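Biologist: I am new to this structure and would like some help reading it. Could we go through a few features together, one by one?
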Amino acid sequence: MKINDMKKMSIHIGGYVLIAAVMVSVILQQPELVTGQARVPAMFVLGDSLVEVGNNNFLPTIARANYLPYGIDLNFRPTGRFSNGLNFIDLLARLVNITSPPPFADPTTSGNRILGGVNYASAAAGILDESGQNYGSRFSMNQQMVNLQTTLSQLRTMMSPQAYTDYLSRSLVILVFGSNDYINNYLMPNLYSSSFRYRPPEFAYLLLNQYARQLLALYSLGLRKIFIPGLAPLGCIPNQRATGVAPPDRCVDNVNKILGTFNEGLKSLVDQLNQRLPGAIYVYGNTYSSIGDILNNPVAYGFTVVDRACCGVGRNQGQITCLPFQTPCLNRSQYVFWDAFHPTQAANSILARRAFYGPPSDAYPVNVQQMTLLH
């Protein structure tokens, strides 16, 4: 099935059938400014290591980043973020003008501390429950949704029914999933059977159907502003370059090609949800294009190294990811990739700004800044 066929596909979602039209236009009302109160009172983050802030520190897993040199540019303070410094969520929170939400698994994340939102993201987590199990424990997407409902139940007791409804409708939800369903599932045929059972388009549709159920569930919980970045060109990360499948100066093209169905399908799903659910605004983040632009035009963004990690071991510094107390590169702001899998703070800053300020080619149908102005 071709990528464009996704636009003609019906996605079955727990009894709903959302028909994807070939051409869907989302008509938004003029943004109505919310006066006298913060436009975004809270941010709820679900996802994987790209947006984790320390949940896996509290889980029995090897997928952790609670050691130096992680956090080397956060005053030498490793927090569980898979970055030399701030990650995408931290930087987006600054643009939204709120504090980056604390990790759900931290026992101190309770009481008034949850009023600004909570981060449920867990390294190695996938849309599928089994994705990433090779690393040990993690909060899968489904478990993160359960954890989110735990928080919402607590919040419901802390404010009046009307205030709670208004709070949820103005809060921002970010979901970053899918990478581990490929890197730590589909592209690991020695550990997972998915690539034998599904052709690439079929696997993408499996992911999209599961994703769609939870995106609908967010609406039923009262949440209305939901940002969903697509997959980056995973064939270009140091981990995939290190396989040696592609020439030294090339990304692994066949990996990138199989991601198209998922990304096109996710964008189509955003159209369907916006068309069907009154008062909701779902936004697709075109991470693939944003990272691709950086990799194709590195000098324009201040980068000199695009094909290897700042911290790692082996070919492209991507065969083994950043080890405890390993000495990383000194010119970190010139590297796109921090370790075998994750961007540097410098690259994350560009991604956050494109999501917040970008045109529809970066954030569709509106950017995050425009979404925060809608009420």
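Modeller: Gladly! Keep in mind that this is a predicted model. Let's begin with D106, which is buried, with a relative accessible area of 18%.

Biologist: Why does D106 count as buried?

Modeller: The general idea is a cut-off: buried means under 20% relative accessible area. D106 has 18%, so D106 counts as buried.

Biologist: Which residue forms a salt bridge with D106?

Modeller: That partner is R113, and the closest N and O atoms of the two are 4.0 Å apart. R113 itself is partly exposed, its relative accessible area being 39%.

Biologist: How many salt bridges does the structure hold?

Modeller: There are nine salt bridges in the structure. Another one of them joins the side chains of D253 and R250, at 2.4 Å from N to O.

Biologist: Are D253 and R250 buried or exposed, or something in between?

Modeller: D253 has 31% relative accessibility and counts as partly exposed. R250 is also partly exposed, at 41%.

Biologist: And how should I read a salt bridge between two helices?

Modeller: A good habit is to find each partner along the chain and then look at the pair in space. Take R354 and D293, whose side chains meet in a salt bridge at 3.0 Å, N to O. R354 lies in helix α11, residues 345-357, and D293 lies in helix α10, residues 287-296, so their salt bridge ties together parts that are 61 residues apart in sequence.

Biologist: Which residues are joined with R354 into one network?

Modeller: D293 and D362 are joined with R354 into one network, through salt bridges that share partners. As for accessibility, R354 counts as buried at 15%, while D293 is partly exposed with a relative accessible area of 24%.

Biologist: Let's turn to contacts now. Where is N147 placed?

Modeller: N147 sits in helix α2, which covers residues 141-156. N147 is buried, with a relative accessible area of 6%.

Biologist: What is N147 in contact with, leaving aside its neighbours within four places in sequence?

Modeller: With those neighbours set aside, N147 is in contact with F104, Y120 and F139.

Biologist: How do I compare a separation in sequence with a distance in space?

Modeller: Put the two numbers side by side for one pair. N147 and A105 are 42 residues apart in sequence, and from C-alpha to C-alpha they are 9.2 Å apart in space. You can now look for both residues in the structure in front of you.

Definitions and conventions. Residues numbered from 1 in each chain as written. Predicted model: local features only at pLDDT ≥ 70, side-chain atom pairs only at ≥ 80, totals over all residues. Heavy atoms only, no water. Helix = DSSP H or I, 4+ residues; strand = E, 2+ residues; numbered from the N terminus. Buried < 20%, exposed > 50% of the residue type's maximum accessible area, 1.4 Å probe, protein only. Contact = heavy atoms within 4.5 Å.
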